[in-house]
Every structure is written in C-alpha cells, then in structure tokens.
Number of protein chains: 2
Amino acid sequence: MSPLTHDDLVVVDGLQINNWDRKVLEELRAGGVTGVNATCAVWEGPAETTRAIADWYQLARDNDDVVVLAETAEQIRAAKAAGKVAVLLGFQNTSPFGDDYRLVEVFHRLGVRVAQLTYNIQNLVGGACYDANDSGLSAFGGFIVAEMNRVGMLIDLSHVGNRTSRDAIDASAGPVAITHSNPTWFFDHPRNKPDEVIRALADRGGVIGCCLYPNVLGGELTTRAQFCSMIARLVDEIGPDHVAIGSDCTRNWSQDFVAWLRNGRWRPAAANPVEPEWPAWPQWFNGPCDFPAVTEGLLSAGLDEATVRKVLGENWLRLFSQVFATKEAR
Amino acid sequence: MSPLTHDDLVVVDGLQINNWDRKVLEELRAGGVTGVNATCAVWEGPAETTRAIADWYQLARDNDDVVVLAETAEQIRAAKAAGKVAVLLGFQNTSPFGDDYRLVEVFHRLGVRVAQLTYNIQNLVGGACYDANDSGLSAFGGFIVAEMNRVGMLIDLSHVGNRTSRDAIDASAGPVAITHSNPTWFFDHPRNKPDEVIRALADRGGVIGCCLYPNVLGGELTTRAQFCSMIARLVDEIGPDHVAIGSDCTRNWSQDFVAWLRNGRWRPAAANPVEPEWPAWPQWFNGPCDFPAVTEGLLSAGLDEATVRKVLGENWLRLFSQVFATKEAR
C-alpha cells in the first residue's frame, strides 16, 4: 500500500447530480471529496434555474460547516484546508440561457462555472448523444461558446453529440471538458466517447472525467480493476494531464427524478420506451464515500503517485484555473 | 450667483425610468448627474428581469466611456472622478422576486440595489398607492423586508400605500427611501406622501427624493421657485439630511410604454379609464440635462451650499453607504 491518503489528496469529482442535503454533503466529506461540479439544471429554463441557485445559496448557508460554494480553483483548495466540501455550480444543459447568449454572463455572476452544451437531445446550441442526426454546433451555439469563453465558464461535452463536440472543441478559444463519460473502446454506449473526440479534447488541453454511472460503465458487475485499468490505458494514450474522474453520483433521489432526467417535458413519460429506473451501482462504489477505493484501485493499476494526484483532482483544478481566469469576466 | 457648479457637486438622482441608450446617458452627463437609480423592472417577473439586467450589462459594456454600473456609494464617487454616469440597478416592484424571498439575494448578486415594495396596485408584499384598501405589509412582505435588510438592498416606498409604508418603516432594521414622491401638502395626489409617512421615514434616517414628474408635481405650470420652496420647507420640517431629488425622468419612450406602466398585464388597456399619455414637463426641467437649473433654484430659495450638496446627492450617498454595507451580504 502507498502512503497516499485522502488526508493529503485534493479529490475533485467532475460531476455529481445528487439530491443535495446535509447527509449527502457529509457523504462527500467522508469520502475525502474536496470539490465537485454539482448539477443544478438539466431541463430547467432561466427562471427555474435562478430558483435552483437560490436553493443552493440557502443550502450552503444552512450548512456552512460542511460546504462552501466555490467559483475558483483556489477556493476549492481553501475548502480542503478548512475541512469542507467545495461545490461548483454547474448545468447539464444550456436551457438556462434560453434563447439569449447574454444569460451566460448572468449565470456566471450567480456562481455557475460549468455548462454542458446539450443534454441527450438537440437544443438551440447543437446536437446531443441520443440524436439520430447531430446538427453540429449551431450559429447560436457559436455565440454561446464565445460568451462562455469570454466570462470564464467551462464547456462540458459529456451528453453532447460527437459532431457538435468536435465543432465545440474547434470553436472554443480555450480547453473544454467531458466531465462524465468513458471511452467507447471501454464500453460502447452513445454517452461514451470515440477516440477522435477524446484526442481532440486532449490536444487542446481539455480533461475527460471517467464515469462510474453504471449505464456507461458497463453495469454493476464491472470491477474496480477494469475501471482503473481503463484509466491507466487512457493515461497512456492521451497523457496524465487529461484524465480525471466524474462519478455522476445520483444519491438521494426518488424514482420521479430519473423519469424527469429521461423525459423532461419533451415527451410524455409513457412515450419513453424504457421504464425509468435507477441502475444498481457496483459494490465497490456505492457513492461519494467510496472514493478511497478508487484511489486504492488506481495505485493497484500501477499509476504512480503523481499521476494519481492528477487524475483524482489536480487535472480538474488546473483546467478550472485556466478556464475561470479571464480578464473579460466581471 | 453662488460659486457652486456641477463640476464639484456630486449629483445623484433617486429615480429615472428612461428608455436607456447612449443619447440618454449623454443627457445625464451633460446635466452633471453622477449617479442614478435606474429602473429595470416594473411589472416583470424573475425571468424577464434577469434579461433586463443582461441588457444593462451589454449597454454598460458597449458604452463604457460614458457609464458604469455601480453597487456602492464609493463607486458613484469614483464615477464622478472618471467623468462617467454611475447607474444603480433598481426595481419599482417586487415582482422580480416572484413568490420566493430568496430571489432578493439573487438579484442583489446581479447588482440590484433598490427595490420598491409595490407598484400602483397590491401584490404579494403589500398594498400600493392606488389601492382602495391598503392591506399593509403581508407576512411574505415581512420576509422580503428582512431579506432586503440582510443582503443590503434599499427599500423604496414611492408607489407604496401609506399603511404598507408605515409597516415597512417599522419592520425594516435600517433606514428606507421614498425615491420619487412629494409631500401631499405640496400637491395632493395618491402618489404623494402625507406628513406622518415622511416624518416616520426621516425619524429612522430615511430620505425622500422630491419628484419632478408632472403628475405628482402639480403639472407643467408648477414653477421652479415653487418646487424649490417646497424643498426648503421640507428641509425645515425634517432636517437637511432627509431630503433629496428623484426626478422620475422618462426620456426616450414611445407611447406604448406609458400604457405598459399603467396597465401591465393586470387589465386590458381598454379597461384603463384614462388614455395613457406622457405628460408635458415644465419648461425649466425637460430632462436630466436641466439639473443645473434645479441647483440654481435651490440656492435662490435660500438653501445654504452645504444643504444644497446634501439635497442634490450627498443624502442619497449617505443612505446608500449605510444600507448597502452589510456583513451578511455576499
């Protein structure tokens, strides 16, 4: 065993979409998770999202011994020192911007630091992972990307279509992220990413967060060794600076929420060909408190300590520092 | 004539509701107006207001040689030194907070520093100046007042009913404002304020901005001497620290907008018993560029230079400093 423990590791999770409360925050702290991109919008429009952010302000205020809302990499490091979980507010869709690119600045000002361009299906910005035909980045999407670059908001391509992903990587002035997906060579799934997207992302300095969500992991029976070997191979392929973790943890939700994720308001629940259900998670990773098992697994897979530090947090922090620091931002 | 000129006066206008563009901003600058509470919502809900603020961010960015968005009294003084107009974003209604007191913090974070509790008719917060029965401050209104106190947002009572105004003055932990109204003893009108409201406001350290809007001024024929004598008498009655100006300038709007102000969405335009029209302004005050005439009039009315400085700007700046500075605010 290595001397590497969560006491001196800065662990950052590229995405969690829990139903946040004190108990969930304590689970993150128990797992030694210092920072997390917390989804606060998937289908919501501008007004609903503004309320979701108000919810976060209140939750953070009511639990300020456990959590702090962060807007910079430095604030995440400071949270580690203070023994708190640092939450970056993030979107899994550009629906909060409505049809108005200027709302990017508004939500940036409210603390949002990450936004995924599309969620599952085509929107005003571009095409998504489940579209039969990915439109690529739209003209409006070009303005969204430019404005996210300007204010310093990280572009996320996890649920985005491959064509739109390539367009966005090309259009973006800075590096972008895939916060929670795996390579298709590991598990072939529309939510996972082909080589060309992952390599283009890495070439521009971006980071991919390998994902523990069972549906994109290959199911609950996928072993920790398999997951960690995938990360080791990805590090070999694109280098140690571009690989991270994005667990996609979904703690504390009832059944309703998975139906909302699947169907939003864009189709009647009955039109969903699959009964929405939460998948079973692997025994070795049941939630944020099992992060130490991932650390152990990465070391067992032969990654050196420096690389483990990068994969578990330092790569996200570097990317955040680079993207969030912009002279144009308010 | 006094040596007092607009070169060394910090002039702050308690409220303008212009259709803002570069030309209007240049009119303010020509009139030596350093700071202004600019209305960006009257009937709008949360989402529409968020867009109105995005409009302001863009207008300010596109005209940053003339204007700066300010959130503190210090920034208004700095704008004076830089030869720019400092705009405080303000609401004439609490409709932007919807039914959620937590949106106060959200809009504060976006830069809003003033909100009037009600606009003309009753809302969730309380009663307004044209209500047959003023409900007083509601229970929800109590939370709004407390939250505005907490984050440091100035409470405005100009269009608020008298009972609700008294309740709000009592409920507020800090001083409040009437940004644009006159005493009823000067002109008896539902939008103007009886003695007991003005005295209660002043007793708690608040400020009333005397208003040039013709409908509450007594019409276009009211003279400059009459207006300035009113201010002199008010200074005698409540002291020099509680009287200011709130012009209610309405530059650059078409006819449509006055109908929107009058009718919002709460009644069909045809149900308005009065044809909505912009009133004629007095010859001596046609807009923000005529502010020097007010200065001259106040000196002619016998106010000393120190009092003129207070009335024209320093009283607003003191109130802003006091209300906006709160340890609780983000």
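The exercises below, each with a worked solution, concern a predicted model.

**Exercise 1. The surroundings of strand β2 in chain A**

Determine with which strands β2(A) pairs, in what sense they run, and how many of the residues of β2(A) are buried.

*Solution.* Begin with strand β1 of chain A, residues 11–16, which pairs with β2(A) in the parallel sense over 4 bridges; within this pairing, A:D13 has A:V36 of β2(A) as its bridge partner. Next, follow the chain between these two strands, where helix α1, residues 22–30, completes with β1(A) and β2(A) a right-handed β-α-β unit. Then turn to strand β4 of chain A, residues 85–91, which runs parallel to β2(A) and is joined to it by 6 bridges, A:A38 being partnered there by A:L89 of β4(A). Finally, consider the cover of β2(A), residues 33–41: 9 of its 9 residues are buried, and the strand is thus described as mostly covered.

**Exercise 2. Two helices of chain B**

Describe how α9(B) and α11(B) cross, and state which residues make the contact.

*Solution.* Two packed helices are described by the angle between their axes and the distance between the axes. For α9(B), residues 224–238, and α11(B), residues 291–300, the axes come within 9 Å and cross at roughly 65 degrees, and the crossing is right-handed. On the side of α9(B) the contact is made by B:R224, B:A225, B:F227, B:C228 and B:I231, and on the side of α11(B) by B:A293, B:G297, B:L298 and B:S300. Sorted by class, this contact comprises 6 nonpolar, 2 polar and 1 charged residues.

**Exercise 3. The side of chain A that touches chain B**

Establish which element of chain A gives the largest share of the side that touches chain B.

*Solution.* Start from the totals, in which 15 residues of chain A are in contact with 15 residues of chain B. The elements of chain A that give two or more residues to this side are α2, residues 46–62, and α4, residues 103–109, and the largest share, 8 residues, comes from α2(A). By class, the residues of this side of chain A divide into 8 nonpolar, 2 polar and 5 charged.

**Exercise 4. Two residues with positive phi**

Decide whether A:N120 is buried or exposed, and do likewise for A:D248.

*Solution.* Most residues other than glycine have a negative phi. A:N120, in the loop between β5 and α5 of chain A, nevertheless has a phi near 70 degrees, while A:D248, in the loop between β9 and α10 of chain A, has a phi near 65 degrees. The cut-off for a buried residue is 20 or more other C-beta atoms within 10 Å. A:N120 has 24 such atoms and is therefore buried, and A:D248, with 25 C-beta neighbours inside 10 Å, likewise counts as buried.

Terms used
Residues numbered from 1 in each chain as written. Chains lettered and ligands numbered in written order. Predicted model: local features only at pLDDT ≥ 70, side-chain atom pairs only at ≥ 80, totals over all residues. Buried ≥ 20, exposed ≤ 12 C-beta atoms within 10 Å, placed from the backbone. Pairing = 2+ DSSP bridges. Right-handed = clockwise from strand over helix to strand, strands pointing away. Axes fitted to C-alpha atoms, helices over the stretch in contact; angles between N-to-C directions. Left-handed = near helix turned anticlockwise from the far one by under 90°. Contact = placed C-beta atoms within 7 Å. Nonpolar A, V, L, I, M, F, W, Y, C, P; charged D, E, K, R; others polar.
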